[in-house]
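Have a look at the chain below, and keep the structure open while you read. The notes that follow walk through it piece by piece.

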Amino acid sequence: MSILAPNSQILYREIYNRENQHLFLNSGGNLNIVKSYGFCFVDKRRGDWKEKIKREFRIHASWADLSRPAAVEMQPIESSEQLDQILDSAKELSQPIIIDWMAAWCRKCIYLKPKLEKLAAEFDTKLKFYYVDVNKVPQTLVKRGNISKMPTIQLWKDGEMKAEVIGGHKAWLVIEEVREMIKTFV
């Protein structure tokens, strides 16, 4: 059970509410706690069964890892020359890049972008994430990417497009496919 609370008052209130919501069912010699994250089996014949129940409630606080960013903002690509520079620098570093081909009018593209930025934080040191708004760039750049549907997420390595995911389905499925694509080539 994880609880994040900015102060102890909220933490106490959360624990108090959770403890009062538990249902106790008596089944012979055992006492089961139903609405918790596990079960507590206590022998009622012993006198310390109430103390055992109190000891079963443990609080584990987990704090976010502040040493790593939660999301990394994707950089825009606005011209073919800029794409060439990015591909050259990625080739020198032998680091693949991810390009999200999107449009400002595409709802799925807009919804997918922050999820890709969170994914970029996971692979922050291994690869870079970029995006291309197909309505704001020359069509030669869009043709170079061989884009027909949006959103399209491509992995480029050694100056060539190695794999792509066309994101016409649910965002969490697209993110999982992109994660698998990254693991294949990184």
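Which residue in strand 7 does Lys157 stand opposite? That partner is Glu160. We'll come back to this pair once the overall layout is in place.

## The model and how far to trust it

Bear in mind that this is a predicted model. The protein chain has a mean pLDDT of 78, with 65% of its residues at 70 or more. Residues 7-13 are one stretch where the pLDDT is below 50, and beyond near neighbours in sequence that stretch has 4 contacts in the model. Residues 19-39 also have a pLDDT below 50, but here the model shows 39 contacts beyond near neighbours in sequence. Where pLDDT is low, the predicted coordinates should not be read in detail.

## Overall layout

The protein chain has 186 residues, and 34% of them count as buried. Its secondary structure comes to 6 helices and 7 strands. Reading from the N terminus, the elements go α-β-β-α-β-α-β-α-β-α-β-β-α. If you take the contacts with a separation of 6 or more, 62% of them join residues 24 or more positions apart.

## The sheet

An open sheet is built from 5 strands in the order 3-5-4-6-7, with mixed pairing. Strand 3 (75-76) and strand 7 (160-166) are the edge strands, each pairing on one side only. Strands of a sheet pair through backbone hydrogen bonds, either parallel or antiparallel. At one edge, strand 3 runs parallel to strand 5 (residues 128-133), and 2 bridges join them. Pro76 has Tyr131 of strand 5 as its bridge partner.

Over at the other edge, strand 6 and strand 7 are antiparallel and share 6 bridges. They make a hairpin with 2 residues between the strands, and Asp158 in the turn has a positive phi of about 55°. This is where the opening pair belongs: Lys157 sits opposite Glu160 of strand 7.

## Two residues in the sheet

Phe129 is found in strand 5. Is Phe129 buried or exposed? Its relative accessibility is 5%, so Phe129 counts as buried, the cut-off being under 20%. Leaving aside neighbours within four places in sequence, Phe129 is in contact with Met74, Gln75, Ile98, Leu116, Leu119, Ala120 and Ile182. Two of those contacts, Leu119 and Ala120, are also listed among the buried residues of helix 4, while Ile182 is a buried residue of helix 6. Phe129 and Leu155 are 26 residues apart along the chain, with 9.3 Å between their C-alpha atoms.

Lys162, in strand 7, has a relative accessible area of 37% and is partly exposed. Not counting residues up to four places away in sequence, Lys162 touches Leu155, Trp156, Lys157 and Phe185. Pro96 is 66 residues away from Lys162 in sequence, yet the C-alpha to C-alpha distance is 9.5 Å.

## Helix 6

Helix 6 covers residues 171-185; at 1.5 Å a residue its 15 residues should span 21 Å, and the end C-alpha atoms are 21 Å apart, which agrees. The buried residues here are Ala171, Val174, Ile175, Val178, Arg179, Met181 and Ile182. They cover an arc of only 160° around the axis, which puts them on the same side of helix 6. An α-helix has 3.6 residues a turn, so residues three or four places apart point the same way.

On the face turned away from that buried side, helix 6 carries the exposed residues Trp172, Lys183 and Thr184. The cover over its buried residues includes strand 4 (97-102), helix 4 (107-122), strand 5, strand 6 (152-157) and strand 7.

## Helix 4

With 16 residues at 1.5 Å each, helix 4 should span 22 Å; its end C-alpha atoms are 24 Å apart, which agrees. There is a kink of about 30° at Lys113, shortly before the proline Pro114.

Which residues of helix 4 are buried? They are Cys109, Leu112, Leu116, Glu117, Leu119, Ala120 and Ala121. These buried residues pack against strand 4, strand 5, strand 6 and helix 6.

## A look at Ser80

Ser80 lies in helix 3 (residues 80-92). At 16% relative accessibility, Ser80 counts as buried. Apart from residues up to four places away in sequence, Ser80 touches Thr140, Leu141 and Arg144.

Methods. Residues numbered from 1 in each chain as written. Predicted model: local features only at pLDDT ≥ 70, side-chain atom pairs only at ≥ 80, totals over all residues. Heavy atoms only, no water. pLDDT = per-residue confidence, 0-100. Contact = heavy atoms within 4.5 Å. Pairing = 2+ DSSP bridges. Helix = DSSP H or I, 4+ residues; strand = E, 2+ residues; numbered from the N terminus. Expected span 1.5 Å × (residues − 1). Buried < 20%, exposed > 50% of the residue type's maximum accessible area, 1.4 Å probe, protein only. Arc of directions from axis to C-beta. Bend = angle between axes of the 7 residues up to and from the residue.
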